[in-house]
Amino acid sequence: MGTDQVDPAEAVRLHDLLMDLIRAAGLLQPDEAFAGHPVSLSQGFALHELDADTPLSQRELAERLRLDKSSVSRLAAEMERKGLLVRERDPNNQRQYRLRLTDKGRAIHVQMRTTFHKQYECWVTAMTQHERAALLEGLPALVRVIRQHVD
């Protein structure tokens, strides 16, 4: 079978594995708390993107998270209410907000990052070197083709 053709059973197996991965990793948690932290999955990803020296605009965060602007506006408002970030007017464009993590937001991100890195290390050390190499080759390829078909 060529690279353009996919065995239907292989496609079903990949689908089942991806569904299993999401369930096994606990990504179906209720939106109120993600992996034991007081944030939703979307907020956790936003914390990760915003934990940088340069604040992002809501538009930039929307692009990075692949969410629409109104969803990011609601997300930012909720995170601001929780004390995780501050929205400041962009001095160069008063119609835009810049998003900056608070000390509390940064601390929660550090806790989450530490928790996840420990978990990932546990998972990958339980894999063989061959399995790790296959994962490091296959996951970037999957991300690449997903991005090609979503854009």
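Biologist: How many residues lie between β2 and β3 in their hairpin?

Modeller: Two residues lie between them. Keep in mind that this is a predicted model. The two strands of the hairpin run antiparallel, and six bridges join them.

Biologist: Which residues stand opposite each other in β2 and β3?

Modeller: Take E88 first: R98 in β3 stands opposite it. Then take L85, whose bridge partner in β3 is L101.

Biologist: What is the order of the strands in the sheet?

Modeller: The order is β1-β3-β2. This is an open sheet of three strands, with antiparallel pairing.

Biologist: Why is one side of β1 and of β2 left without a neighbour in the sheet?

Modeller: Look at the edges. β1 (56-57) and β2 (85-90) stand there, and each has a single partner strand, so one side of each has no neighbour in the sheet.

Biologist: Which helix packs on the sheet?

Modeller: That is α4, which touches β2 and β3. The direction of α4 makes about 125 degrees with that of β2.

Biologist: How many bridges pair β1 with β3?

Modeller: Two bridges, in the antiparallel sense. S57 has R98 as its bridge partner in β3. L56 stands opposite L99 in β3.

Biologist: Now a single residue of the hairpin. Is R89 buried or partly exposed?

Modeller: First, place R89: it lies in strand β2. Next, read the accessibility. Buried would need under 20% relative accessible area. R89 has 41% relative accessibility, so R89 counts as partly exposed.

Biologist: Which residues is R89 in contact with, leaving aside neighbours within four places in sequence?

Modeller: R89 is in contact with Q94, R95, Q96 and Y97. A C-alpha distance can be read too. R89 and L99 are 10 residues apart along the chain, and their C-alpha atoms are separated by 8.9 Å.

Biologist: On to the helices. What describes two packed helices?

Modeller: Two values do: the angle between their axes and the distance between the axes. Here is a case. α2 and α4 pack at an angle of about 85 degrees, and their axes are 11 Å apart. Angles of 65 to 115 degrees count as roughly perpendicular. α2 and α4 are therefore roughly perpendicular to each other.

Biologist: Which residues make that contact of α2 and α4?

Modeller: From α2 come S42, Q43, A46 and L47. From α4 come L75, E78 and M79. By class, the contact of α2 with α4 has four nonpolar residues, two polar and one charged.

Biologist: At what angle do α2 and α5 cross?

Modeller: They cross at roughly 105 degrees, and their axes come within 10 Å. That makes α2 roughly perpendicular to α5. On the α2 side of the contact are G44, L47, H48 and L50. They meet G105, R106, I108, H109 and M112 in α5. The contact of α2 with α5 divides into four nonpolar, four polar and one charged residues.

Biologist: How many residues are in the largest nonpolar core?

Modeller: The core has 19 residues. Those with the most contacts inside it are L47, L50, L61 and M79. The elements giving two or more residues to this core are α2 (41-50), α3 (58-65), α4 (69-81), β3 (93-101) and α5 (103-125). The largest share, four residues, comes from α4.

Biologist: Which residues does L50 touch, not counting those up to four places away in sequence?

Modeller: L50 touches L56, L61, L85, L99, L101 and R106. You have met some of these names in the sheet. L56 and L99 stand opposite each other, and L85 and L101 are bridge partners.

Biologist: Last feature: the backbone angle phi. What sign does phi have in most residues other than glycine?

Modeller: Most have a negative phi. R66 has a positive phi, near 60 degrees, and is a residue other than glycine.

Biologist: Where does R66 lie?

Modeller: R66 lies in the loop between α3 and α4. With a relative accessible area of 45%, R66 is partly exposed.

Methods: Residues numbered from 1 in each chain as written. Predicted model: local features only at pLDDT ≥ 70, side-chain atom pairs only at ≥ 80, totals over all residues. Heavy atoms only, no water. Core = buried A, V, L, I, M, F, W, Y, C linked by side-chain atoms within 4.5 Å. Buried < 20%, exposed > 50% of the residue type's maximum accessible area, 1.4 Å probe, protein only. Contact = heavy atoms within 4.5 Å. Pairing = 2+ DSSP bridges. Axes fitted to C-alpha atoms, helices over the stretch in contact; angles between N-to-C directions. Parallel < 35°, antiparallel > 145°, perpendicular 65-115°, else oblique. Nonpolar A, V, L, I, M, F, W, Y, C, P; charged D, E, K, R; others polar.
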